[in-house]
Amino acid sequence: MVSRLNPVDIELSFEDMSYQLGDEIRGDLKLIARRDIVIRKARIDLVCKMTFTELGRLVPETRGMGRTSHYRPVPSQEPVEVSETRTFRGEPFMPGRRLRSGSKVTERVVVSVPAELPEEAGGTRNRSKANLDWTLTATLDVSGGRDVTASAPIRIGYFSSTESLSAAELERRREEARRAAQESWDQSRRDGRDPESDSQ
């Protein structure tokens, strides 16, 4: 993907394939300076967007001395989708690199995919397991100017929703996530107090 922002153009390219947890993503960061610049540093981050189906809230229950004894599930009228982002930051490189206007530079880059999914992606008592979208984001810290960025989606493992799936298959996976979340929610209510019993 190419980002055309002054003072430098960025192109981030890598092999178009499905990566697995623990893999290394190897690619090229291509720069074309549009004026004389000094790059303080460059960095490539792997960003994970997690989308959950949320069935309600967990409300803390206190017992004496204001201490929380457990969390009581309070259902929502309708399930809602919520998103959170987890960023795996890369190591900075190209410190103090000077580029003349019109010069072209290609840097070979390697990004490590984490060996495990974010813990929160596994879901909680009131949330389904997450659908995950992964993005590579290159950031240049340019002296005397704003940061320049370029991003591109990337496929990682089974959970990546950037896979080429039919609409029916995507809906089937969403329905499975909703069903699993509902079962987990029902189980949490059986294990604890029924919220409706508090009103009796």
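Aspartate 16 is exposed, with a relative accessible area of 62%. In this predicted model, aspartate 16 forms a salt bridge with arginine 155, and the closest N and O atoms of the two residues are 2.8 Å apart. The pair links distant parts of the chain, since aspartate 16 lies in the loop between β2 and β3 (18–19) whereas arginine 155 belongs to strand β10, 139 residues apart. Arginine 155 is partly exposed, at 24% relative accessibility.

The salt bridge just described belongs to a wider set, as a search of the whole structure finds 10 salt bridges. In general, side chains of opposite charge can pair when their charged atoms come close. A further example joins aspartate 36 to arginine 100, with the closest N and O atoms 3.3 Å apart. Aspartate 36 lies in the loop between β4 and β5, and arginine 100 lies in the loop between β7 (97–99) and β8, so this pair ties together parts that are 64 residues apart in sequence. Aspartate 36 has a relative accessible area of 42% and is therefore partly exposed, while arginine 100, at 62%, is exposed.

Glutamate 120 and arginine 86 also meet through their side chains in a salt bridge, with an N to O distance of 3.8 Å. Because glutamate 120 is located in the loop between β8 and β9 and arginine 86 in strand β6 (residues 68–88), the pair ties together parts that are 34 residues apart in sequence. Glutamate 120 is partly exposed at 31% relative accessibility, and arginine 86 is partly exposed with a relative accessible area of 33%. In addition, Arg43, Asp45 and Arg89 are linked in a network of salt bridges.

Two members of that network, Arg43 and Asp45, are among the residues touched by threonine 137. Threonine 137 lies in strand β9 (residues 131–142). Its relative accessibility is 15%, which is under the 20% limit, so threonine 137 counts as buried. The side chain of threonine 137 makes a polar contact with the side chain of serine 151, at 2.9 Å. Beyond four places away in sequence, threonine 137 also touches Ile44, Val47 and Ala150.

Attention now turns to the nonpolar interior. The largest nonpolar core contains 35 residues, of which Leu31, Leu46, Trp134, Leu136, Leu140 and Ile154 touch the most other members. Two or more residues of this core are given by each of β2 (8–14), β4 (24–33), β5 (37–62), β8 (104–112), β9 and β10 (148–156). The largest share, eight residues, comes from β5. Leucine 46 touches residues including Trp134, Leu136 and Ile154, which are also named among the core residues that touch the most other members. The contacts of leucine 46 further include Arg86, Thr87, Phe88, Val111, Val113 and Pro114.

The structure was also searched for enclosed space, and two cavities of 30 Å³ or more were found. The second largest cavity holds about 40 Å³ of space. The residues that line the second largest cavity are Leu12, Phe14, Ile25, Arg26, Gly27, Ile44, Val109, Val111 and Leu136. Strands β2, β4 and β8 are the elements that give two or more residues to this lining, and the largest share, three residues, comes from β4. Among the lining residues, Leu136 is also one of the core residues that touch the most other members, while Ile44 is one of the residues in contact with threonine 137.

Note on methods
Residues numbered from 1 in each chain as written. Predicted model: local features only at pLDDT ≥ 70, side-chain atom pairs only at ≥ 80, totals over all residues. Heavy atoms only, no water. Helix = DSSP H or I, 4+ residues; strand = E, 2+ residues; numbered from the N terminus. Buried < 20%, exposed > 50% of the residue type's maximum accessible area, 1.4 Å probe, protein only. Polar contact = N/O pair within 3.5 Å; in protein donor to acceptor, adjacent residues only side chain to side chain. Contact = heavy atoms within 4.5 Å. Core = buried A, V, L, I, M, F, W, Y, C linked by side-chain atoms within 4.5 Å. Salt bridge = Lys/Arg side-chain N within 4 Å of Asp/Glu carboxyl O. 1 Å grid on protein atoms, 1.4 Å probe; cavity = no way out; pocket = protein on both sides within 12 Å on 5 of 7 lines; lining within 4 Å. Points joined across faces, edges and corners; volume = space filled by probe spheres on them.
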